[in-house]
Amino acid sequence: MSNGTFCDGGYIPDCTAGETFQCVGSMPYCIMNGSPVGAARTPNCISPSCNTSGSYCSSGAVPDCGAGETFSCLNNTPCCHDNTTHQCRIPLCVGSSSSSGSSSGGSSSSSSGGSSSSSSGSSSSSSSGGSSSSSSSGGGGGPRIFGGNGFNPISIEILSSPKLPKIFKLPALSSDLQSKVGYAINGSNPSFEIKLSDSIDPASVVSIELKDFTSGSIYKRLPFTISEIAGKSDRYILTVSLPDINNPGETRFALNLSEGKAFIGALNIFNPPSKVKVLKGNRGKQISKPIISRVLVNKNNQTVTLTVKGANFIGKAFSFSDKDSTKFVVSPENLSNTIVTILPSSLNAQIKETSVSTSGDIIKITLTVSDESDLTETTLILSTPLGTASKQIFINP
């Protein structure tokens, strides 16, 4: 109900001052005030009073303060106090059986289940914070895939990401994260080769959610496809349409299964330049994200030629605006500035030459593939400084 009586026993929704409680249909939400897309999250039930024992959470739940935080009450306000930065955040309530985990953990969850796609693009939001905990129920909020303000341990290895233009500087990562984090451009359509801790039926993946590490915003029901890689029971090709998020950088995403389980992965998302121009006559022409419309495939032994029709492909030279300056980029002689990735990696595709038509509507790609591979279903990924486009193609043996 709109007055918050979905909580019982004297507890109330944990909506903050920047949120408004509302029931949409039969589901309770804390809706972010002023959000143009109605960003929302499912509330937990808390007590209007607070004490250091943490009993402000409803029965069976505890504050989600992490190992580096201490729970306290300041003027009757619950607080997860960061022992290093001495900053305070309002905790969420999670199940008392949940265990705290780091945002870059390495444990895995298992499930079983084959080919599916889902689409939609609404988003919801939760409050910001830096700790993490395992998924659990909190009050009347139901399961929390990402666990409070933080994240569950990573259980998806991203074996291959789209190759990106060199204007994007990849962050330095610890050795335990290097094989787990994927890279993508904000608002693009990338594909990844992923490894799960257990084999699943792709059809059992019912939805994908993305959580922004900085603000805590959750983007739900992202359009996606997931397919098996022949001969690899635990490896899959995942293609997802990413939203334009407000705080690119470190994110987590969840593959939600029909049986209620989930796998968690990590993405580092880059903002594209504000403007990209290609040479058009004596003047620069501003372009947008790449689009793949159609792919023609010609194979001669181990040499494959792809003729890709679409829009906004970039040839040998382009300029881009970076803050207050404009920079120019020129590619090597036999390659364009539209970067090509072919998945799965077991195809051992080697890009030999790429050329883009003057109009930017056609790119011709010459590559070689392994003579030992019998794969026919592959994924073509094209990246420019403005985004990434993916398309499934078939290469006959």
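Me: I would like to begin with Thr354. Is Thr354 buried or exposed?

Reply: Thr354 counts as buried, because its relative accessibility is 4% and buried means under 20%. Keep in mind as we go that this is a predicted model.

Me: Where does Thr354 sit, and which residues does Thr354 touch?

Reply: Thr354 belongs to strand S29, which covers residues 350–356. Leaving aside residues up to four places away in sequence, Thr354 touches Asn334, Leu335, Ser336, Val340, Ile363, Lys364 and Ile365. Take Asn334 from that list: 20 residues separate Asn334 from Thr354 in sequence, and their C-alpha atoms are 6.4 Å apart in space. There is also a link to a backbone atom, as the Thr354 side chain reaches the backbone nitrogen of Ser336 at 2.7 Å.

Me: Now strands. How do I read a sheet?

Reply: Here is the general idea: strands of a sheet pair through backbone hydrogen bonds, and the pairing is either parallel or antiparallel. In this structure you can look at an open sheet of three strands, in the order S28-S31-S32, with antiparallel pairing. Strands S28 (339–343) and S32 (387–394) stand at the edges; each has a single partner strand, so one side of each is left without a neighbour in the sheet. On average, neighbouring strands of this sheet are turned by 20° against each other, ignoring direction.

Me: How many bridges join S31 to S32?

Reply: Eight bridges join S31, residues 377–384, to S32, and the two strands run antiparallel. To find one place in that pairing, look at Ile381, which stands opposite Ser390 in S32.

Me: Which residue of S19 stands opposite Phe192?

Reply: Phe192 stands opposite Leu238 in S19. The strands here are S15 (residues 191–196) and S19 (residues 232–240), which run antiparallel and are joined by five bridges. S19 also pairs with S18 (residues 224–229), again antiparallel, through six bridges. In that pairing, Leu238 is the bridge partner of Ile226.

Me: What should I look for in the turn between S18 and S19?

Reply: S18 and S19 form a hairpin with two residues between the strands, and Gly231 there takes a positive phi near 80°. You can practise on another hairpin, made by S26 and S27: two residues lie between them, and Lys323 in the turn has a positive phi of about 60°. S26 (residues 317–322) and S27 (residues 325–330) run antiparallel and are joined by six bridges, with Phe320 opposite Lys327 in S27.

Me: What about side chains within a strand?

Reply: In a regular strand, the side chains alternate between the two faces of the sheet. For a residue to look at in S18, try Ser227, which is placed in that strand. Ser227 is buried, with a relative accessible area of 17%. Not counting residues up to four places away in sequence, Ser227 touches Pro202, Tyr236, Ile237, Glu377 and Gln392.

Me: How do I recognise a nonpolar core?

Reply: The general idea is that in soluble globular proteins, nonpolar side chains tend to be buried together. Here the largest nonpolar core has 25 residues, and those with the most contacts inside it are Ile194 and Leu255. The elements that give two or more residues to this core are S13 (156–160), S15, S16 (205–212), S18, S19, S20 (250–257) and S21 (262–270). Beyond four places away in sequence, the residues that Leu255 touches include Ile156, Ile194, Val205, Ile226, Leu238 and Phe263. Another core lies apart from this one; it has 18 residues, among them Val308, Phe313, Ile363 and Ala389.

Me: Let's finish with charges. How many salt bridges does a search of the whole structure find?

Reply: The search finds two salt bridges. Arg252 forms one with Glu250, where the closest N and O atoms are 2.9 Å apart. The side chains of Glu259 and Lys261 meet in a salt bridge too, at 3.9 Å from N to O.

Me: Are these four residues buried, partly exposed or exposed?

Reply: Arg252 is buried, with a relative accessible area of 1%, while its partner Glu250 counts as partly exposed at 31%. In the other salt bridge, Glu259 counts as partly exposed at 40% relative accessibility, and Lys261 counts as partly exposed at 39%.

Terms used
Residues numbered from 1 in each chain as written. Predicted model: local features only at pLDDT ≥ 70, side-chain atom pairs only at ≥ 80, totals over all residues. Heavy atoms only, no water. Salt bridge = Lys/Arg side-chain N within 4 Å of Asp/Glu carboxyl O. Buried < 20%, exposed > 50% of the residue type's maximum accessible area, 1.4 Å probe, protein only. Helix = DSSP H or I, 4+ residues; strand = E, 2+ residues; numbered from the N terminus. Contact = heavy atoms within 4.5 Å. Polar contact = N/O pair within 3.5 Å; in protein donor to acceptor, adjacent residues only side chain to side chain. Pairing = 2+ DSSP bridges. Axes fitted to C-alpha atoms, helices over the stretch in contact; angles between N-to-C directions. Core = buried A, V, L, I, M, F, W, Y, C linked by side-chain atoms within 4.5 Å.
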